[in-house]
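Got the viewer open? Then let's take a walk through this protein, one selection at a time.

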Amino acid sequence: MARGGAAIDEVTMRHKARSQTPQGIVKKYRSRLAAVGGLCGLGVLISGLIVPSTAPVRAAAETKLEPYTETLPNSVVKIKMVPIPGGTFKIGKKKTPVTVKPFWMATTETPWEAYDVFTASGPPSPPYDQTECPPDAIARPSHSYILPDLGWGHNGYPVINVSFDSVTMFCRWLAKETGKKYRLPTEAEWEWACREGIAGEWKIDKAKLEKVAWYAGNSEGFTHPVGKKAPNKFGLYDMLGNPGEWATDLEGKPVLCGGTFRDGIIGQFPGMRRRWSPAWQETDPQFPKSRWWLADGKFVGFRVVREP
């Protein structure tokens with residue numbers, strides 16, 4: 001009996017010893033946590049030991065961008081903004097890989113009534129003024145010697161005949177007034193939005209082009225009110241046709257993106273680009289020529305984007 005009792009005591013002592021090891025403590029507390037449902041995937045600190053959960057810890061989800069409407073300062077004019085998801089694709093003739101982060105983009109090109117709010121928000125620049133503005137300065141266009149909308153239509157119609165300086169100042173003004181990061185799109189952002197997130201081959205046929213764009217085949221040589229054709233998958237109107245849209249290229253220089261109402265089906269694709277040319281101001285009689293208006297830029301417009 002003594003020997004048997006000693007054996008039992010020895011087994012008991014060994015069991016107690018094992019239960020006092022870190023592994024024993026972890027096993028003991030895990031069994032207790034399991035009895036009350038665990039702790040939802042979190043580790044637990046016990047007497048200086050971290051007891052890891054058996055469930056994987058998920059990374060915090062990125063904040064989802066939501067559509068919204070921006071009312072321009074001191075007006076009833078609104079700009080609708082929609083989220084554009086990020087992605088990676090190849091751009092340009094060199095097929096340069098670019099990654100675009102999520103951002104917001106205006107659903108339409110900027111209409112005249114929105115631009116009018118900007119030009120009416122302060123004094124115009126003096127005629128012939130060529131002063132270089134600091135990066136945080138806001139200047140407004142001088143008065144145009146021609147009717148900027150060419151009599152084609154005003155409210156609801158896209159802004160045209162505007163220089164890169166003009167639209168840059170609009171974005172600066174809007175950013176300052178709202179406290180949000182409004183600006184022109186980069187060409188990568190613009191093309192990604194036009195591609196509807198398609199990283200590979202992009203193509204369009206005439207039947208679809210008729211539904212989404214004002215181009216040489218249906219525009220009759222004029223711009224048309226924004227948002228009258230079908231939107232693309234991201235909810236963006238007139239990304240093809242109507243006026244082209246100012247952006248900044250991969251080097252930060254001005255570039256006009258997209259086909260216009262003057263281009264045929266061959267010119268309607270996301271990679272379409274134009275650079276400023278003296279021909280865009282050929283009939284401007286001023287000297288020096290206006291830095292704000294393009295007398296022959298009836299195919300030049302813009303839309304805004306916003307960083308999160």
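Start in the middle. This is a predicted model, and its largest nonpolar core has 39 residues. Select Met81, Tyr115, Phe170, Trp246, Phe302 and Val304: of the core's members, these touch the most others. To see where some of the core comes from, colour strand 4 (78–84), strand 7 (103–106), helix 3 (112–119) and helix 4 (164–178), each of which supplies at least two residues. Helix 4 gives the largest share, with 8 residues. As a general rule, nonpolar side chains in soluble globular proteins tend to be buried together.

Now zoom in on Met81. Who does it touch, leaving aside neighbours within four places in sequence? Show Pro67, Tyr68, Trp104, Met105, Ala106, Tyr182, Val304, Val305 and Arg306, and you have its contacts. Val304 is worth a second look, as it was also in your core selection.

There is another core, apart from that one. It has 27 residues, and you can find your way in by picking Val100, Trp190, Ala193 and Val255, which are among them.

Next stop: helix 5, residues 187–195. Is this helix buried or exposed? Its residues are buried, 9 of the 9, so the helix is largely enclosed by the rest of the structure. Click along it and you'll pass Glu187, Glu189, Glu191 and Arg195, which are among the buried residues here, as are Trp190, Trp192 and Cys194. Go one step past the end of helix 5 to Glu196, which takes a positive phi of about 60°.

Time to hunt for empty space. A search of the whole structure turns up 1 cavity of 30 Å³ or more, and the largest cavity has a volume of about 50 Å³. To frame it, select Pro126, Pro127, Tyr128, Asp129, Gln130, Ser142, Gln286, Pro288, Lys289, Ser290, Arg291 and Trp292, which line it. That lining divides into 5 nonpolar, 4 polar and 3 charged residues.

Now zoom out. The chain has 6 helices and 13 strands, and buried residues make up 44% of its 308 residues. Among contacts between residues at least 6 apart in sequence, 65% join residues at least 24 apart.

Finally, colour by confidence. The chain averages a pLDDT of 85, and 80% of the residues score at least 70. Residues 1–19 stay under 50, with 3 contacts beyond four places in sequence. Residues 24–61 are also below 50, and that stretch has 25 contacts beyond near neighbours in sequence. Where pLDDT is low, the predicted coordinates should not be read in detail.

Key. Residues numbered from 1 in each chain as written. Heavy atoms only, no water. pLDDT = per-residue confidence, 0-100. Contact = heavy atoms within 4.5 Å. Buried < 20%, exposed > 50% of the residue type's maximum accessible area, 1.4 Å probe, protein only. Helix = DSSP H or I, 4+ residues; strand = E, 2+ residues; numbered from the N terminus. Core = buried A, V, L, I, M, F, W, Y, C linked by side-chain atoms within 4.5 Å. 1 Å grid on protein atoms, 1.4 Å probe; cavity = no way out; pocket = protein on both sides within 12 Å on 5 of 7 lines; lining within 4 Å. Points joined across faces, edges and corners; volume = space filled by probe spheres on them. Nonpolar A, V, L, I, M, F, W, Y, C, P; charged D, E, K, R; others polar.
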